[in-house]
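Student: I am new to this structure. Please take one part of it and go through it closely, explaining the terms as they come up.

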Amino acid sequence: MDGGNRMFSGWEVRLRLAAVTLWLIGLLFMDRLPLLLLISLLLLAMIAADQGMQMQSVLRQLRGVSPFILLMLITLSLSGGLPLQKTAVLFALLICLRVIAAVLLVIVLLGGSAADDFLRSLAVLPLPPVYLSLLFLVNRYIHMLTREFSLTRQALRARLYTPSIRPAALKSMGYAVGGMFIRGYDLSEQVYDAMRSRCYAGVIPFDEMTRPQMADWLKLAAAVLLLASALYLGKGV
């Protein structure tokens, strides 16, 4: 852990999950636009200062949800009819700022730590071991499927394939998709045989996570204190 330079990415995953869950619930009780805007800007600044998180990836994720936020802003603003009503516009801004803050909190939760570490942190929850095993397997083999899709796309591009609705182009795409399906089925059979040979019984054993350090507990306490302060300020007491 590198002090403040790894404020989020160096935080123990389970305590980070607890803090983010509390903040996501707290956002539902915040109804002041300046406060939500300040929280979003502070989260963005803290993520940018964290050396364990890539700002380009964060901006790409925000860009991915921006069409949904924009559509929500327009539709909610028009809910009061034309001309635009002030209450409808303010409500639309409130919901959009809550969504932006929630997205940043989810990025804080998932960023800077390996997917396996995050899945292991879910073991503290009352989830059946079979479900956790399925999550581990999905996380393991989704990368293989993504790589297979990337190789197929590169092969099509190397053959100067141009997507269109022409019968010849659709036929080529059908061959490619069919080949991916067959290779995926063959791979699943190989994986199943390999797991049976290793006495797989439906549950994947995994190492227990290390115990949280004092610094992790202090971060959780600071997050709870900041949440309580934000809720206090939001009520205008």
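Tutor: Leu 90 counts as partly exposed because its relative accessibility is 39% (buried is under 20% relative accessible area, exposed over 50%, partly exposed in between, with a 1.4 Å probe and protein chains only). The model is predicted, so local features need pLDDT of at least 70 and side-chain atom pairs pLDDT 80 or more, while totals for chains, interfaces and linings use all residues. Residues are numbered from 1 along each chain, and side-chain values use heavy atoms, without hydrogens and water.

Leu 90 belongs to helix α4 (helices are DSSP runs of H or I with at least four residues, numbered from the N terminus). Its C-alpha atom is 9.8 Å from that of Arg 32, although 58 residues separate the two along the chain.

Helix α4 also leads to the largest pocket, which holds about 490 Å³ of space (on a 1 Å grid over the protein atoms alone, a pocket is an open set of points where a 1.4 Å probe fits, with protein on both sides within 12 Å along at least five of seven lines; lining residues have an atom within 4 Å of a point). Of its 21 lining residues, Trp 23, Leu 43, Met 46, Ala 223 and Leu 226 are the closest to the centre. Two or more lining residues come from each of α1 (13–27), α2 (33–49), α4 (86–110) and α8 (214–234). Helix α8 contributes the most, with seven residues. By type, the lining has 19 nonpolar residues, one polar and one charged (Asp, Glu, Lys and Arg count as charged; Ala, Val, Leu, Ile, Met, Phe, Trp, Tyr, Cys and Pro as nonpolar; the others as polar).

Terms used: Points joined across faces, edges and corners; volume = space filled by probe spheres on them.
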